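Q: Please take a close look at one part of this structure, the open sheet, and follow it out to the helices and the spaces around them. I would like one connected account.

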Amino acid sequence: MWLKQLSLKNFRNYKITTVSFNKGMNIIVGKNGAGKTNLLEAIYLLSTGQSFRTPHLSDLIYNGASEFSIEAHFEKDQVTQTLSLGFDGSKRKITYNNTHYSSFSHLLGIIPSVLYSPKDIELITGAPSDRRRFLNIQIAQSDPLYVYHLTRYHKAMKHRNALLKIRKEETMCSWEKMMALSATYLIEKREQVVQSLSPILHTFAKQLSRDNDLFGLTYSPSISMKKIGGNVTEGIESIFKKQRAKELLLGTTLNGPHRDDIGITYQNKEAKIYSSEGQKRTCISALKIAEWSHLAKYSGIKPLLSIDDFGVHLDENRSEDLHLQLQSFGQVFITTPIKQKKQGEPREHTLEVNNGSITQE
């Protein structure tokens, strides 16, 4: 996987810009507010159809413009390809190798990528929804069927919640059946991925901390598969039926994949409570490496790796250890306010960003 060139038009603080990248390490240098993170945001948007900074696409449009567009030229499986997307304030437009789409969900899996930003500390300190989002994006980039069931589940739940609010049960069975079928796939897939990620997290956290920090992951579904005997889908459907009386009073669905969580542990205790700030950042660094490794394995290619504000995540020794590991991670994008090249360090492609303009080394 190699992102060769990125063209931005009216995106954030870039009026019209084209930037080229090399196959290895790309260091994006600039002062705060210069537009470094905007480049990573554009790459992430191409990969997932989402911004990691705002839920509103209109926020991405250059001040005074009516629309934005991004175009990427990349090499995947030794084939040169093109992907472009745009938003005019109301309509989304995607073109992938001359095929047109209207939904950003079609982007998933085209350019697999992993992003590590300072906000990712919320995977430990934040709400369950932050951890579910992490898991959904991780799985969706390598499993189209997961995207199908996730969309199907939430669509059916929306209809069920609407019926709960008006206290009508007539057609609820059909929505519960649909939810149960998709919930089975989502729960089983999430459990598999968490079980796969946990030992990788454990290994990399030990490496970064020089054998001091022991972290792990556990999957905490709101519906326990272990308590369901026989047919899993039928068991989940029966749980939805049993909960109806209570949920008709509350007007919402209480159990299901939309209430799942991931437990992050430090020394077999809750990391949120028992780990220091430095240890939490070590955990997230290792988790992002685990995410990249897992995605590489199941997508069959090395995903792009973006790290925003490199240096704030770890202390000097751990940052150096992480930087050395990144040399084998395919194409990497790092933003930093100051680039300090060290003797003996492999050559890196440096881009200097200054208020929406880019100078390349």
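A: What follows starts at the sheet, moves to the helices, and ends with the spaces and two loop residues.

The model is predicted. Its open sheet has six strands, in the order E8-E12-E13-E3-E14-E15, and the pairing is mixed. Strand E8 (113-116) and strand E15 (357-360) are the edges, each pairing on one side only. From one strand to the next the twist averages 20 degrees.

Within that order, strand E3 (residues 25-29) and strand E13 (residues 332-336) are neighbours that pair in the parallel sense, over five bridges. Val29 stands opposite Thr336 of E13. In general, the strands of a sheet pair through backbone hydrogen bonds, either parallel or antiparallel.

Two helices can be placed against these strands. Helix H1 (residues 36-48) packs on the sheet and touches E3, E8, strand E12 (304-307), E13, strand E14 (349-354) and E15. The direction of H1 makes about 150 degrees with that of E13. Helix H8 (residues 277-299) lies across E8 and E12, and runs at about 175 degrees to E8.

H8 and E12 also come together around an enclosed space. The structure holds one cavity of 30 Å³ or more, and the space in the largest cavity is about 40 Å³. Its lining consists of Tyr116, Ser285, Lys288, Ile289, Leu305, Ile307, Leu322 and Leu326. H8 and E12 each supply at least two of the lining residues, and the largest share, three residues, comes from H8.

H1 and H8 lead on to helix H3 (residues 128-140), since both are among the elements that cover the buried residues of H3. The cover also includes helix H2 (122-125), helix H4 (144-166), helix H5 (172-208) and strand E10 (261-266). H3 is mostly covered, with 10 of its 13 residues buried. Those buried residues are Asp130, Arg131, Arg132, Phe134, Leu135, Asn136, Ile137, Gln138, Ile139 and Ala140. The length of H3 can be checked as well: at 1.5 Å a residue, its 13 residues should span 18 Å, and the end C-alpha atoms are 18 Å apart, which agrees.

H3 also takes part in an open space. The largest pocket holds about 760 Å³. It is lined by 25 residues, of which Gln50, Arg133, Asn136, Ile137 and Leu150 are the closest to its centre. H3 and H4 are the elements that give two or more residues to this lining, and H3 provides the largest share, six residues. Asn136 and Ile137 therefore appear in two lists: they are buried residues of H3, and they are among the pocket residues closest to the centre.

Finally, two loop residues have a backbone feature worth checking. Arg12 has a phi near 50 degrees, a positive value in a residue other than glycine. Arg12 sits in the loop between strand E1 (2-11) and strand E2 (14-20). Its relative accessible area is 22%, so Arg12 is partly exposed, given that buried means under 20%. Asn97 likewise has a phi near 50 degrees, positive in a residue other than glycine. Asn97 is in the loop between strand E6 (92-96) and strand E7 (99-101). At 33% relative accessibility, Asn97 counts as partly exposed.

Note on methods
Residues numbered from 1 in each chain as written. Predicted model: local features only at pLDDT ≥ 70, side-chain atom pairs only at ≥ 80, totals over all residues. Heavy atoms only, no water. Pairing = 2+ DSSP bridges. Helix = DSSP H or I, 4+ residues; strand = E, 2+ residues; numbered from the N terminus. Axes fitted to C-alpha atoms, helices over the stretch in contact; angles between N-to-C directions. Contact = heavy atoms within 4.5 Å. Expected span 1.5 Å × (residues − 1). Buried < 20%, exposed > 50% of the residue type's maximum accessible area, 1.4 Å probe, protein only. 1 Å grid on protein atoms, 1.4 Å probe; cavity = no way out; pocket = protein on both sides within 12 Å on 5 of 7 lines; lining within 4 Å. Points joined across faces, edges and corners; volume = space filled by probe spheres on them.
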